[in-house]
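Notebook open, coffee poured. I want to go through this one a piece at a time and jot down what I look up.

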Amino acid sequence: MKAITIRQPWASLLASGKKLYETRGWSTRYTGPIAIHAAKWPVRRTIDALASAGRWDALEWFEHLFQTPGALGELPGGVIVGKAVLTRCHPIDKAFLAKLSPQERALGDFTPGRYAWEFAEMTACAQLLPAKGAQGLWDWDENAEEP
């Protein structure tokens, strides 16, 4: 199965269906089943980077979507958190941006010229599955045991 590594909290938001698009600087022609892998990148570093960049919109949505105190800091890394179907890759332009909800817009880098990967049928894993991630699309064998 194809897989994509995404930093937290975006990986969990995508796996739970609270986020429909993942933005990338590159396009893909792949469509089909895909595993959502949460990177080991510390969530605190992500939050600090967003605050430094003045991305208060994203931070406010995180607070709204992860209402349990400490929930952001507890998000797992280095694991498959869910599965979905990658349905389409959209070039980001003004027409595409006009269709996005404020929540979706705050949860990605929708700079024109980038790409929005559209996901459907998201399912969070009942049991987190350890896996070593990679850049780009990569192949994950759900039957292989990780060391």
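Before anything else, a note on naming: a helix here is a DSSP run of H or I with at least four residues, and helices are numbered from the N terminus. With that settled, I looked at what comes after helix 2: Gly-54 follows, and its phi is positive, near 75°. I should also write down that this is a predicted model.

Entry: helix 2, inside and outside.
I pulled the buried residues of helix 2 and got Val-43, Thr-46, Ile-47 and Leu-50. They sit on the same side of helix 2, because they cover an arc of only 95° around the axis. The background I keep in mind is that an α-helix has 3.6 residues a turn, so residues three or four places apart point the same way. I then checked the other side of helix 2, where Arg-44 and Ser-52 are exposed. What do the buried residues of helix 2 pack against? I found helix 1 (10–16) and helix 3 (56–65).

Entry: the largest pocket.
I went for the volume and got about 480 Å³ for the largest pocket. Its lining runs to 25 residues, and those nearest the centre are Ile-6, Arg-7, Trp-10, Glu-22 and Thr-23. Which element gives the largest share of the lining? My lookup says helix 2, with four residues. Strand 1 (2–6) and strand 2 (21–24) join helix 2 (43–52) in supplying at least two lining residues each. I sorted the lining by type as well: 11 residues are nonpolar, six are polar and eight are charged.

Entry: strand 5 and its partners.
Strand 2 turned up again here, pairing with strand 5 (residues 115–130) in the antiparallel sense over four bridges. Within strand 5, I noted that Tyr-115 stands opposite Arg-24. Next I counted how strand 4 (residues 79–91) is joined to strand 5: they run antiparallel, with 10 bridges.

Entry: Ala-120.
I picked Ala-120, which lies in strand 5, and found that its bridge partner is Val-85. Leaving out residues up to four places away in sequence, Ala-120 touches Ala-84, Val-85 and Thr-87. Is Ala-120 buried, partly exposed or exposed? Buried would need under 20% relative accessible area and exposed over 50%; Ala-120 has 25%, so I put it down as partly exposed. Last, I took a C-alpha distance from Ala-120 to Gly-73, which is 47 residues apart from it along the chain, and got 26 Å.

Key. Residues are numbered from 1 along each chain as its sequence is written. This is a predicted model: local features need pLDDT of at least 70, side-chain atom pairs count only at pLDDT 80 or more; totals for chains, interfaces and linings use all residues. Side-chain values use heavy atoms; hydrogens and water are left out. On a 1 Å grid over the protein atoms alone, a cavity is a set of points where a 1.4 Å probe fits but cannot get out, and a pocket is an open set with protein on both sides within 12 Å along at least five of seven lines; lining residues have an atom within 4 Å of a point. Grid points are joined across faces, edges and corners, and a volume is the space filled by probe spheres set on the points. Ala, Val, Leu, Ile, Met, Phe, Trp, Tyr, Cys and Pro count as nonpolar, Asp, Glu, Lys and Arg as charged, and the others, Gly among them, as polar. Buried means under 20% relative accessible area, exposed over 50%, partly exposed in between (1.4 Å probe, protein chains only). The arc is that of the directions from the helix axis to the C-beta atoms. Contact means heavy atoms within 4.5 Å. Two strands pair if DSSP finds at least two bridges between them.
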